[in-house]
Amino acid sequence: MSEAKVETHTFQTEAKQLLKLMIHSLYSNREIFLRELISNASDAIDKLRFKAIEAPELITEDAQYKIDITFDKEAKTLTIFDNGVGMTKSEVMTNLGTIAKSGTAEFLSNLTGDQAKDNQLIGQFGVGFYSVFMVADEVEVITLAAGSDEGVVWRSRGEDAYDIESADDLTRGTRVVLHLKDDALDFADDYRLRSVVRKYSDHIGVPVRMLKPAASDADEEAEAVAEFEAVNSAKALWTRSRSDVKDEEYKEFYKYVSHDFEDPVSWSHNKVEGKLEYTSLVYIPKKAPFDLYNREVPRGLKLYVQRVFIMDDAEQFLPLYLRFIKGVVDSSDLPLNVSREILQEDERVTSIRNALTKRVLTMLDTLAKKEPKQYQAFWDEFGEVLKEGAGEDFANREALTKLLRFASTRAEGDAAAKTVSLETYQSRKVEDQDKIYYLCAETYETAARSPHLEIFKERGVEVLLMFDRIDEWLMSMLTEYAGAQFVDVMRGDMTLPGEDSDKDDKDDEETDKGGKKSADEHPLIERISTVLGEKVEGVRTSKRLTQSPACLVLSEHAMGAQMRKIMEASGQKMPETKPYFEFNPTHPLLEKLDGEPDEDRFAELAEVLFDQASLAEGGTLTDPVAYVERVNRLLLELLNG
Ligand code: ADP
């Protein structure tokens, strides 16, 4: 080893940034580096256990899996050794020199420099191995991959670069040596270390060992003969019976599987016996991960078969819209050599997925009923993802629609907060109301101030206000809740509570066909139609408006503005849809307009009303310059007059 060549490599830019953060900004709760290291060691053992199913020769030596933790107070070192799968040189360089997570650069650019906030963000990101630099100023990773005879040493001070050299005479596995910072020497203390180690390892299925106290301060040589003892109970948490597991242990296990810093909101641990046998332990996290809306990121449960770890991110056990759920599933029926492809087609997996989906939805329902505040916080984080489910999961639609929350014209407190359930909405319906009214817009403000709401406000009829990108799509998938039809107040000729819908449909037909047949039709209809011409589908008097002069209304099946934007953003060309122009004949502006003899001036005013109606609902004008010119001409007239 004396002649070994040392290579120096620089960290990938993102890794460098993250390291800098570890070293300079993160101080709270530093002990979590041990959780990360124990978790990596246990994963390494899980991986080897899995590999050894097909290649038992990998573990002919050193077959007792273990994680050993030692320290040397004088040398100021802390060492974590595992006899797991180890790493080859190229694995070391990839795993400890780069960050493979997609979206890392974006994540890093979101950090604010404000420690409390950044700590939270980092928690959502998961810090992993690099957290060692919170407590160490130099770290060595000495590793030999199972089945290889070329050992590797990685060494770094967590700055720009790391050194790599080869090493002989290693035993299989990975040894991480931390040269502790002076302010982190409390981790070289038997009592302190034991309590931290127990906390972070009690639930994993491998013995985590420390030297028996009398010997633990001894030097390297003595260590070789000193006796180790297990510090943890070494029983995988989900294999224990529910009544034996304390809440604290469930929470720690969550942090272990999720790499989250925070406690989960709730969890559900179940052993299923019968035709299918499996154990599942699923958690609802508190905070959404930074890349929740990147649908490509691998995620899912940790899969075990008969307690042997098979894979991370087994996405087949939950639908995509429950991608935020963390946990494990341990099946007794699946074969040990199961692959992702097999999982995709296996009927047993489908049954487990259906059952787990129901279980999670029940958990959420219970949370909503028993802990409405916590549910609200959950909804603020994950509501939009759950909406994907309400739209796409037909089988569970009822359960999912119950979980939805919306902003509303009658929300108490902060009206923009999405707090109203459909059940609450139903309970507040006015007399004769058999429909659920809603409105979609770009922002809460546009929705809340929309002219389309005027008649509803006047009659005290609640309208749900929707302004998430996904809402218009969602509402195109949902038709009713508990027998009440959803009605978009911006579309068609909707009926108000207490009105006879048949009669109204007939009225609508008559005006739609150019409005020429109805005897009592308003004279403005024809005059405005002549001006607006091809821009609109039709012109009619409005029953929606009580304050505003005019509004635009989509026909029943036309694509809304939000969907159109999404489709166009994805590069699809959408056919033009024309709105109806509805005016309020009792508004003073229209009364005046009705008496306007000059056709040019009439046209000018009608155009302005049309553009304003479009602006009021957050639309963009096709010719904004023409609008400005018109308004300016009118202003000038006013000022001159
Ligand atoms: P994560 O564990 O979230 O993937 P880490 O930064 O903690 O991220 O580790 C990066 C990778 O380094 C791991 O995914 C694993 O492949 C490898 N690794 C870390 N520690 C060990 C170890 N003790 N034995 C084998 N591989 C390890």
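I'll start with a network: Glu31, Asp186, Arg192 and Lys199 are joined to one another by salt bridges. Before going further, a reminder that this is a predicted model. Everything I show today is computed from it.

Within that network, one pair can be described in detail. The side chain of arginine 192 meets that of aspartate 186 in a salt bridge, with 3.1 Å from N to O. How exposed are the two partners? Arginine 192 has 26% relative accessibility and counts as partly exposed. Aspartate 186 is also given as partly exposed, with a relative accessible area of 33%.

For context, the structure holds 45 salt bridges. I will take two others.

The next one is between aspartate 182 and lysine 76, where the closest N and O atoms are 2.8 Å apart. Where in the chain do these partners sit? Aspartate 182 lies in the loop between strand S7 (173-180) and helix H6 (190-201), and lysine 76 lies in the loop between strand S2 (67-72) and strand S3 (77-82). They are 106 residues apart, so the pair links distant parts of the chain. On accessibility, aspartate 182 is at 58% and counts as exposed, because the cut-off for that class is over 50%. Lysine 76, at 30% relative accessibility, counts as partly exposed.

The other pair is arginine 155 with glutamate 140. This salt bridge has its closest N and O atoms 3.5 Å apart. Both residues are in strands: arginine 155 in strand S5 (residues 151-156), and glutamate 140 in strand S4 (residues 136-144). The separation along the chain is 15 residues, and this pair too links distant parts of the chain.

Is glutamate 140 buried or exposed? Glutamate 140 has a relative accessible area of 15%, and buried means under 20%, so glutamate 140 is buried. Its partner, arginine 155, has a relative accessible area of 22% and is therefore partly exposed.

Last, something without charges. Which residues make the nonpolar surface patch? Leu635, Leu638 and Leu639 make a nonpolar surface patch of about 350 Å². Of these, I looked at leucine 638, which is placed in helix H22 (residues 624-640). Leucine 638 has a relative accessible area of 63%, so this residue is exposed.

To recap the accessibility classes: glutamate 140 is buried, arginine 155 is partly exposed, and leucine 638 is exposed. That is what I have for today.

Note on methods. Residues are numbered from 1 along each chain as its sequence is written. This is a predicted model: local features need pLDDT of at least 70, side-chain atom pairs count only at pLDDT 80 or more; totals for chains, interfaces and linings use all residues. Side-chain values use heavy atoms; hydrogens and water are left out. A salt bridge is a side-chain nitrogen of Lys or Arg within 4 Å of a carboxyl oxygen of Asp or Glu. Helices (H or I, at least four residues) and strands (E, at least two) are DSSP runs, numbered from the N terminus. Buried means under 20% relative accessible area, exposed over 50%, partly exposed in between (1.4 Å probe, protein chains only). Patches are made of residues with over 30% relative accessible area and no salt bridge: like charges are joined within 9 Å, nonpolar side chains (Val, Leu, Ile, Met, Phe, Trp, Tyr) within 5 Å. Accessible areas come from the Shrake-Rupley method with a 1.4 Å probe; for residues, only the protein chains shown count as cover.
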